[in-house]
Amino acid sequence: MAEMDEQEKKRRRVVELTEKMVVDGVSGCSCEWEGRWNHVKKFLERSGPFTHPDFEPSIESLQFLLETCKILVIGAGGLGCELLKDLALSGFRNIDVIDMDTIDVSNLNRQFLFRPKDVGQPKAEVAADFINSRILGCHVVPHFKKIQDLDESFYRQFHIIVCGLDSIVARRWINGMLLSLLVYKDGVVDQGSIIPLIDGGTEGFKGNARVIFPGMSACIDCTLELYPPQINFPMCTIASMPRLPEHCIEYVRILQWPRETPFGDGVALDGDDPEHIQWVYQRSLERAAEFNITGVTYRLAQGVVKRIIPAVASTNAVIAAACTTEVFKIATSAYLPLNNYMVFNDVDGLYSYTFAAERKENCSACSQIPLDLHFSPSSKLQEVMDYLTENASLQMKSPAITATVEGKNKTLYLQSVASIEQRTRPNLSKTLKELGLTNGQELAVADVTTPQTVLFKLSFTS
């Protein structure tokens, strides 16, 4: 009993000191107290059997974490909340967070920075406010927007970027952005232009963490085959013989939306826009009623459109801890970073292993040479489109193809803008020869998976 009373006294003393520091708000206050960073100093101010061979213990490393190092966290969901907490408690104070989503009731069981009163508010802003108010001295800057809305100058300011995303498309885009920031001198990447990318991912009781040094190690696109393929239903089933509620939703997403353009020409279906999801939901109900199918709900409609995967709080915690450890290693140079991919699985017991993913020489994102496309002159443009979207190492979503034909830049096919899609659709049934393409011709392909245009070299086969 006496021991419990002593612990309670200590707890109250900490609360009193914390409240006093918050109330005082003295300008220039370092918001520190004796022993606050002792757990971090143990790693940075002494050597050990696992430290980097070139590491020299010092007090400067901690000061770099506290005052200088800038970290960008992409995603403020289940994994992102854990990342923000872990990073802030590890001494990282200058943190930015990007998330385009708002808080839903279903998030509250695992995204612990949010409360019922926050439902409907931007995740990035609520998460930043929570961390800033709870961890003294930490300064988290929120960005309630898409990663594509920010330019090169924004991303260039960070020392390390860590991802807690549930989208492969978004991963590939930020991967492409960091590759575009690289500076090459005589064909060798300038190390000063490299911004390390730490990527974490979870799906149910499985997860992974990886370390990417753009231009040096395997990038996201080098290992696309490692990501589980999305579930796709046969078009004939969706259009003619739907049997599941998911079939009805996919019909609306794939066929009805581009045909009816409910929110105007060229407006893409946004899974985070409640009006868009509501439209899909209502049309899916109508489609389901035609075929006596039950089970269509708003949440299912959103899940199908956004390709939502299950999440488990404990898995998020494990992967976020692994990612934060890698950020700490790289920021301090105290320990060798992961090389370079860690897999975690606790479906049946606990199991993890690491391996070194190898960089692909012909990677569509990080290789410096145009990729070869092998087709015969009689192949149709539709075959090229199918290859770009179905090939395991490319997995493009809606590629737009342009080429220089007879000295003029020509759009061969573009899907995202309805008026241009309608005008270029006949090209899909034309052969490459009919389109005026020649052997060795360069094709420029733009896609939502990358901020850069990917170059391909057309090689005719006999």
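Biologist: Among contacts in the protein between residues at least 6 apart in sequence, what share joins residues at least 24 apart?

Modeller: That share is 63% in this predicted model. A pair counts as a contact when heavy atoms come within 4.5 Å.

Biologist: Why does the radius of gyration agree with a compact globule?

Modeller: A compact globule of 462 residues would have a value near 23 Å, and the protein has 25 Å, so the two agree. The C-alpha trace spans about 85 × 60 × 45 Å along its principal axes. Buried residues make up 45% of the 462. Buried here means under 20% relative accessible area. The protein has 14 helices and 15 strands.

Biologist: Why are helix 3 and helix 12 called oblique?

Modeller: Helix 3 (residues 60-68) and helix 12 (residues 313-332) pack at about 120°, with axes 10 Å apart. Roughly perpendicular runs from 65 to 115 degrees, and roughly antiparallel needs over 145. An angle of about 120° fits neither, so the pair is oblique. The crossing is right-handed. Ser61, Phe64 and Leu65 of helix 3 make the contact with Phe328, Ala331 and Thr332 of helix 12.

Biologist: What classes of residue form the contact of helix 3 with helix 12?

Modeller: There are 4 nonpolar, 2 polar and no charged residues. Ser61 and Thr332 are the polar ones, because neither is on the nonpolar or the charged list.

Biologist: What makes helix 9 oblique to helix 11?

Modeller: Helix 9 (residues 245-260) and helix 11 (residues 298-306) pack at about 60°, with axes 10 Å apart. Roughly parallel needs under 35 degrees, and roughly perpendicular starts at 65. About 60° lies in between, so helix 9 is oblique to helix 11. This crossing is right-handed. Pro245, Glu246, Ile249, Glu250 and Arg253 in helix 9 meet Leu300, Ala301, Val304 and Val305 in helix 11. By class, that contact has 6 nonpolar, no polar and 3 charged residues.

Biologist: Why is Thr261 called partly exposed?

Modeller: Its relative accessible area is 22%. Buried means under 20% and exposed over 50%, so Thr261 falls in between. Thr261 sits in the loop between helix 9 and helix 10 (274-290). Its phi is near 35°, positive in a residue other than glycine.

Biologist: What makes Ser333 partly exposed?

Modeller: A value of 45% lies between the same two cut-offs, so Ser333 is partly exposed. Ser333 is in the loop between helix 12 and strand 9. Its phi is positive too, about 60°.

Biologist: What is special about the peptide bond from Asn339 to Asn340?

Modeller: This bond is cis, with omega near -15°. Asn340 lies in the loop between helix 12 and strand 9 (341-345). Most peptide bonds are trans, and most residues other than glycine have a negative phi.

Technical notes
Residues numbered from 1 in each chain as written. Predicted model: local features only at pLDDT ≥ 70, side-chain atom pairs only at ≥ 80, totals over all residues. Heavy atoms only, no water. Axes fitted to C-alpha atoms, helices over the stretch in contact; angles between N-to-C directions. Helix = DSSP H or I, 4+ residues; strand = E, 2+ residues; numbered from the N terminus. Left-handed = near helix turned anticlockwise from the far one by under 90°. Rg over C-alpha atoms; globule rule 2.2 N^0.38 Å. Buried < 20%, exposed > 50% of the residue type's maximum accessible area, 1.4 Å probe, protein only.
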